[in-house]
Structure formats: structure tokens, C-alpha cells
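Grab a pencil and work through these exercises with the model open beside you. Try each task before you read its solution.

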Number of protein chains: 2
Amino acid sequence: MALYLTEAEIGELLTMPDVLESLEDMFRARARGEIVNRPRVRVPITAGTYNVMPAGWIERGVVGHKMYTASAKGASFQIVLYAADGSGLLAVMGGGRISGLRTGAVTGIAARHLAARPGGPIAVVGAGFQATAQVNGLVAATGATDIRVHARSADKREGFALRMAESTGVDVHAVDSIDAALDGATVVVTITNSAEPVLRVEHLRPGLTIVAAGNNTWLRSEIDPAVIGRADLVVVDDIDNAKVEAGELMRAAEAGLFNWDCAVALHDVIGGTRAGRTSADQVVLVELQGIGIEDVAVAELAYRRARERGVGLELPA
Amino acid sequence: MALYLTEAEIGELLTMPDVLESLEDMFRARARGEIVNRPRVRVPITAGTYNVMPAGWIERGVVGHKMYTASAKGASFQIVLYAADGSGLLAVMGGGRISGLRTGAVTGIAARHLAARPGGPIAVVGAGFQATAQVNGLVAATGATDIRVHARSADKREGFALRMAESTGVDVHAVDSIDAALDGATVVVTITNSAEPVLRVEHLRPGLTIVAAGNNTWLRSEIDPAVIGRADLVVVDDIDNAKVEAGELMRAAEAGLFNWDCAVALHDVIGGTRAGRTSADQVVLVELQGIGIEDVAVAELAYRRARERGVGLELPA
């Protein structure tokens, strides 16, 4: 019988360190060619989209997808797992918490593998819903102890910094400009829904790693196309998916500032099949749209834990 | 809260006439441009595939998909529905019974709209699992009273014909060759898993409508490519999907016997936006791979009925 898990149950089953380990394993498996990931399928709904992100990790015994509606009414996420041996449905579970955790974890993993100085100061641009998991992922993955947060609203960034300093135990503080956030930072993480670029060429300095994780529609751009033209290395979570969703890269490619053949997949950097950063002076840009296998890999961990601990509702056949 | 429905519950909620009406409505809506359907996404698993078929019918308030594994271990089908207004998950349900019903219903609908003489004798080639719903769909949709069944195994075809004659109350009888099945038939329906063509040019006669519904992988062919070269009209359930799954048509197109630009979508025939059969002498070929919106449309009916009747398990949020 298949298992149904609520968001609250998943919250009890997973921690950020678990998620980091599961995703590192997955990226290395993907570099060995053991993963299948399909680009997100989008179907229009009223004022939004319905999205399905199929993927499989046969060695771990699972195939499945995240599915969600995202619209003016908010988002509703679920994840489904099937047995990769063909024996049927394994689980249906809430996918909101896993989406947040895995996005934060992948951001942390990217920062760890591509920062000129892992553990150095990190600038975070954006203080919305997803920023919490970004900071948690960055702290857990890189060991950073200096996190600077900038967001347009002073109240929002100050409240966010206070909460995160308390929950992480490291120095998270609000700053009143992107320049102040970037001062001495090794990594900058953007996590906005901005349609207009928040990071521009004048913000760049040698050695900076930029992780853009704030949107997955080509309509929006957090990064100015000129920044992409100046990057020494562009890393994406999935090349096929980035070609239809990474608005910044799509615009830069149209403008002749970027060549898709130069894009490197994150799993190839992590697995060592492609070079990542090769000098401390390089500007590295990481564009994360989020891919189905990240959800499936973390859901597999939640499912395994739930079975071990007897958590969840058995669905009648 | 979302609803979970078992296969047994769905069996109580749906009848073939309901399914026929729901699908006729859907095809007319699709001809008006009110439907979104995405080609099946396939992910390899051990000795099989995992499949996801997203689709939406916003006017009916639903978006969703069928999902299933099909492998050496058999098949396991589920269907998911979300609210098209973005308010979240509506239902998760067994998808096996709906798959069978809708395939039979679409076959019946295609026969009704494209037969030279609706209600005339029908030949069925194949007596396996799906043949039951094919006969039920054909009888309910066309009013046929003479159904001839051929399958390679005499025991299998005789047993099948007896069972179907009893359950439908019409003359369903087994015959020992495809030629005997075709003698005087207006429509021939193939429902096999054959990799080798079962229907060849020598079987054709003026006015025959062929409905091929037996497989959805380009590796298999029920129909000889030469048959396609002789067809006056080729109808498919979805042109984009047929281009990657309808092995017969793909082979015929490669051989120069068929031009994709001539393919007509079934919904355009039903909705009257494209001509179907224009004379009683034409040979018409209908290739059905099965598409996600057929599952979503029938699942929407099951969901609506379940809510009206208080059937199903409420899933905790």
C-alpha cells in the first residue's frame, strides 16, 4: 500500500543536514549518469500555471515527480513516488516543505563548491518566504558565519535578520544597500521575484560567486545580462531546463553575451566530471531554476524515514 | 481537503454512457480551443517506463494528469486533479479503470463519427484485457449489434466472445480469421500488443474505418505502413503526441507513404472544425495513442460524483 504524508509529518522527518547529504549523493549519481530528469512541463491555469517535474533515480529505487499549481491564489505542492522496479505507487506527500528545503540546500551546495573562499561572508538579496531556507542551506553547507541581508523594505530585512540570527546562531545582519551586503562578500545569493535586474555589472568584483535562485520563469530576471557577459563560468542545475526557463541566460544568449555551449551543469562540477572554479579571481554565476530530481531525491529520504518510523497514512488500494 | 478514491469506488461512480458523454463534451471543448494537452513524458525504469500525461480543462475547473509505471511487473495507474483556479489539490485516484473505460469510449466515439455506416458490423482484433472496454465502448457509442472477434488463441477469443455477448446482450461472436471478421464489417478495431502488423493491405475494402488503439510506443505496429498509404483520411487523437508515439504513422512518413500535414485531430472532426469522412467509399484510419485530457476529463466526472455522493477518503492537509 502507498503512504500519504502531510507537510507536518515531513517537517518532523527531515533536517537540513539530511537534505544536504541526500542532494550531494544525488548530484554525484547524476554525474555518473544514474539520474533521469525531465524539463518542467507547464500547463496554463487561471492566473498561473500547473507544473509537473518528472525524474527518476533507479539505483535508489524511485521515480516520480513534484507537481504544483502556482497562481494568484498561492502555490500548492505535492510529490509522488513510484517504485522504479515497476511494482507501483509508493507515496503521495506534501511538497511545500521539501521544495523550500531543497532549494536552500542546493544553493548552499552550489556556494560550497563554487565559492573562492568557502565559509567567507555571504550576501543575501531578498527576505521573503524562501530566504529562510536559503540562509539555513548556506550556513549548513558552507559554515559561513557572516551573512548580510538586503531587501527593499527595511522592516522586512531587519525582522528577517533578527529571526535568522537567533535560529542559526551565526551573525546574520541587515544592511541598507546591495553594495553594503557585497562589501567583502565571497558569495551573493539572490532570492527575489524581481522582474528587473537586482544585480548589475557595477556590483561585480573579482572572485565573486553569484547564485541566482529566485525565479524559474523566463519572464523574470534577477541578474542584468551584462553580468552574464562578464562571468568567467556559468553553472546551471539543468542545461535543457535552463534553455527554456533561465530568462537571464536566454536574454544574454540572444544578445550575444553568452553561449549555451559554455554552460556547465552543477552535478558535473560536484561529481568532478567538469571543472568548476579554476582561480580565486573568477566571477562565477550559478543559475538555479530547480529541477524535479531534487524533489524526488529528498522525497525518497522522507519516504524511507517514514517507513522506518511508522509515520503516515496507508492509502487503501 | 483533497479526496482519495480507490479503483473500486471509481467502478461504482462511472458507467460507460457517462464516460462517453463526458468525452464527447471534452472533444467539442477541445475543438473550441478550451483544452490544454501535453504529450506524454516518459522516464525509463527497470524493464519499463514511468509516464506522466498532463492536461487541463479550465472551464470544468480542473488540471491534472494520469501517471503510471508500466513494466515487466505490470502497470500501476493513478490520476491527480488540481483546481484550475489555483486553490490546490482536489483528488488522487486509481487510474486503471478510468484508463480502460476512456480507451473503450474514445474508440466507440471515433467509430461513431467516422464509420461509413454507424451501427454496422464491427470487427475486433484482439481479445486481451483492454478488448472488453473496446467492445463496451463500441456497442454503447454506435449501437452496433454484430461484433466479430478474432484473436490468435481460439480458446481466448471464444471465451471472450461468450462473456461479451452475455454482458452486452448483442451478438458478439468469435471468428477464426481476420478475413472472416472483416466480411461485411464497417469498422475494424485493433487492440493488440503486436509488434508485427496484424492489418495489411489485402484486408482493406472501400468504406472501411480502421481504429488502431492497441499500443502507444513507436516500437510497435498493428497496421502495415502500406495500409496507411492507402487510407483516404488519417485521424489521430493528438498530432504532437502521434508524431512521437504512433509507430505506424512514423514509419509510413519515413517511407514517404504519409504526410503529417494531412493528419486530422479527432476533436476537430467531432467539433466540426475539420471534415471527417466525406464519402462512403473512403478508407479511414484512426490512430489512438491515448492522451492525458481523456483521463483528466473522466476523472473530473468521477470526482464530481464522489463529492455529490460522499464517497472517498478525505486526505489530511
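Before you start: two strands count as paired if DSSP finds at least two bridges between them. Keep in mind that this is a predicted model.

**Exercise 1.** Work out the strand order of the open sheet in chain A, and find which strands stand at its edges.

*Solution.* Step 1: follow the pairings across the sheet of eight strands, and you get β10-β9-β8-β11-β12-β15-β13-β14 in chain A, with parallel pairing. Step 2: look for strands with a single partner; β10 (171-174) and β14 (264-265) of chain A fit, so one side of each is left without a neighbour in the sheet. Step 3: zoom in on β14(A), which pairs with β13 (residues 233-236) of chain A over two bridges, in the parallel sense. There, A:Val236 has A:Ala265 as its bridge partner.

**Exercise 2.** Find what helices α3 and α4 of chain A touch when they pack on the sheet.

*Solution.* Step 1: take α3 (residues 96-114) of chain A, which touches β8, β11, β12, β13 and β15 of chain A. Its direction makes about 165° with that of β12(A). Step 2: now α4 (residues 131-142) of chain A, which touches β8, β9, β10 and β11 of chain A and makes about 170° with the direction of β8(A).

**Exercise 3.** Describe the side of domain 1 of chain A that touches domain 2 of chain A.

*Solution.* Step 1: set the bounds; the domain assignment gives domain 1 (3-99 + 293-314) and domain 2 (114-291) of chain A. Step 2: count the contacts, and 15 residues of domain 1 of chain A meet 17 of domain 2 of chain A. Step 3: see who contributes; α2(A) gives the most to this side of domain 1, with eight residues. Step 4: sort this side's residues by type, giving eight nonpolar, one polar and six charged.

Methods
Residues numbered from 1 in each chain as written. Chains lettered and ligands numbered in written order. Predicted model: local features only at pLDDT ≥ 70, side-chain atom pairs only at ≥ 80, totals over all residues. Helix = DSSP H or I, 4+ residues; strand = E, 2+ residues; numbered from the N terminus. Contact = placed C-beta atoms within 7 Å. Axes fitted to C-alpha atoms, helices over the stretch in contact; angles between N-to-C directions. Domains from an automatic or database assignment. Nonpolar A, V, L, I, M, F, W, Y, C, P; charged D, E, K, R; others polar.
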